[in-house]
Amino acid sequence: MTRARPGGETRFGSKGLREAITWLDKSTLPLVQQPIRVQEAMLIDEAVRILDQIFPPGLQQSYDRCGFQCGRTDRPLTGILVGLDVSDELIEEALEQGCNLLVTHHPLLFDPLTRIGNSGRVERLVHRVLEAGLAVYAAHTNADAMPDTVSGALADALGLRNTRVLDPLKGILRQLVVYIPADHAETFREALFQVGAGHLGNYGEASFGVLGRGTFKPLDGAQPFLGQVGQREEVEEWRLEFVFEAWKTPAILEAMTLAHPYQEVAYQLYPLEQKVSGYGMGLVGDLEQEIPLQTALQRIKDFLGCPLRYSRPSQTPLEGGRIRRIALCGGAGASLWPLAQAAGADLYLSSEFKHHHFLDAGGRLVLVEAGHAETEIPACDRLRQRITPLFRTFAVLNARSSQNPTVYLT
Ligand SMILES: [Zn+2]
């Protein structure tokens, strides 16, 4: 059955879409390792592989459970519904909308289950998901680590400029050093760029090379590309170096092996420990001009639509009560307040602050606490926006049902 998508296209029926099997522009999708073919039909298994490229599991926190969660992956994908949590409402909405893949920010399966019976919210929802023929995928702390997704939705709504990551990730980069005969260097370099080597922040196709001379002697049994068995060879070679995100390693090593002429490729692969400004938790940025604290608070309240709790003014003697620099972290980011303070922020917006946070954060920094769900609901549309370009012949919808498990007494 076909069904209208927002924008008037049909999921399967458009001739234009059928003909529009195209290769996506990699420059707009820096996390994708290689071009993905837009297609009309795919199994959920394939959809999961694509989602893993949009939301690399390598970006998640060590405690987290991102990625595929449960469901039959051998079923054809019918559509994707994006929401904050798996809930009864979300399941019912997916069935109404004809979507059989739920992409949620919070994982349904987080604490390991040793049995699946009839008790507890998670067990009950797992049953419902499986009985309904749905599948669940979570984009949680890996999405948090993408600056334009969870915290980015808040920063954009508040009009922050010159944003930078508050708590950059480290340990997610790898460096490849490889030796290649001089007359193969250009095509080899191009082959590695094609699968995402040399990507650093807003820069692509970064590499370093130095020309030198390598030696080798093919031994018995070798079938050398250059030289003869039993004779030492000396060859002009480039030593090429590339940096890339760790999750690209399998694709890059495969491309390296395919593009290299030698039977045995000489290379070294190193983990890099430095922090990466392009990925991490929270953001800090500046308003176009400073505004009174009360104006900033009202702006936040109007956007999130929930009451705020914030530092008592006498706790934070903000000079003139004016705000210019704002740090924020969608979700439970209270523990990052010292980084907000170190970044010179006047105000730090997050959720789930503890009593001692308000006591400890003195000086200029005003802590502002909003509801957990309210700070993350705007991110759901960012998830949908990231997913949609790679599933252009499928419905990718935002949940209309309530995404907030709490209400306020007014
Ligand atoms: Zn959350």
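This is a short tour of a predicted model, with stops at the whole chain, one loop residue and one pair of helices.

**Whole chain.** Start with everything shown as cartoon. You should be able to pick out twelve helices and 15 strands. Colour by burial if your viewer allows: of the 410 residues in the chain, 39% are buried. Switch to a contact map and look at pairs at least 6 apart in sequence; 72% of those contacts join residues at least 24 apart.

**Asp85.** Now select Asp85, in the loop that runs between strand S2 (80-83) and helix H3 (88-97). Is Asp85 buried or exposed? Asp85 has 21 C-beta neighbours inside 10 Å, so this residue counts as buried, the cut-off being 20 or more. Add Thr104 and His106 to the selection: setting aside neighbours within four places in sequence, these are what Asp85 contacts. Then draw a C-alpha to C-alpha distance from Asp85 to Pro107; it should read 7.2 Å, although the two are 22 residues apart in sequence.

**H7 and H8.** Next, select residues 185-194 for helix H7 and residues 249-259 for helix H8. Their axes lie 9 Å apart, at an angle of about 155°. That is over 145 degrees, so H7 and H8 are roughly antiparallel. The crossing of H7 past H8 is right-handed.

Show side chains here. From H7, take Thr187, Phe188, Ala191, Leu192 and Gln194; facing them in H8 are Ile252, Ala255, Met256 and Ala259. Colour this contact by residue type and you get seven nonpolar residues, two polar and no charged ones.

Terms used: Residues numbered from 1 in each chain as written. Predicted model: local features only at pLDDT ≥ 70, side-chain atom pairs only at ≥ 80, totals over all residues. Axes fitted to C-alpha atoms, helices over the stretch in contact; angles between N-to-C directions. Helix = DSSP H or I, 4+ residues; strand = E, 2+ residues; numbered from the N terminus. Parallel < 35°, antiparallel > 145°, perpendicular 65-115°, else oblique. Left-handed = near helix turned anticlockwise from the far one by under 90°. Contact = placed C-beta atoms within 7 Å. Nonpolar A, V, L, I, M, F, W, Y, C, P; charged D, E, K, R; others polar. Buried ≥ 20, exposed ≤ 12 C-beta atoms within 10 Å, placed from the backbone.
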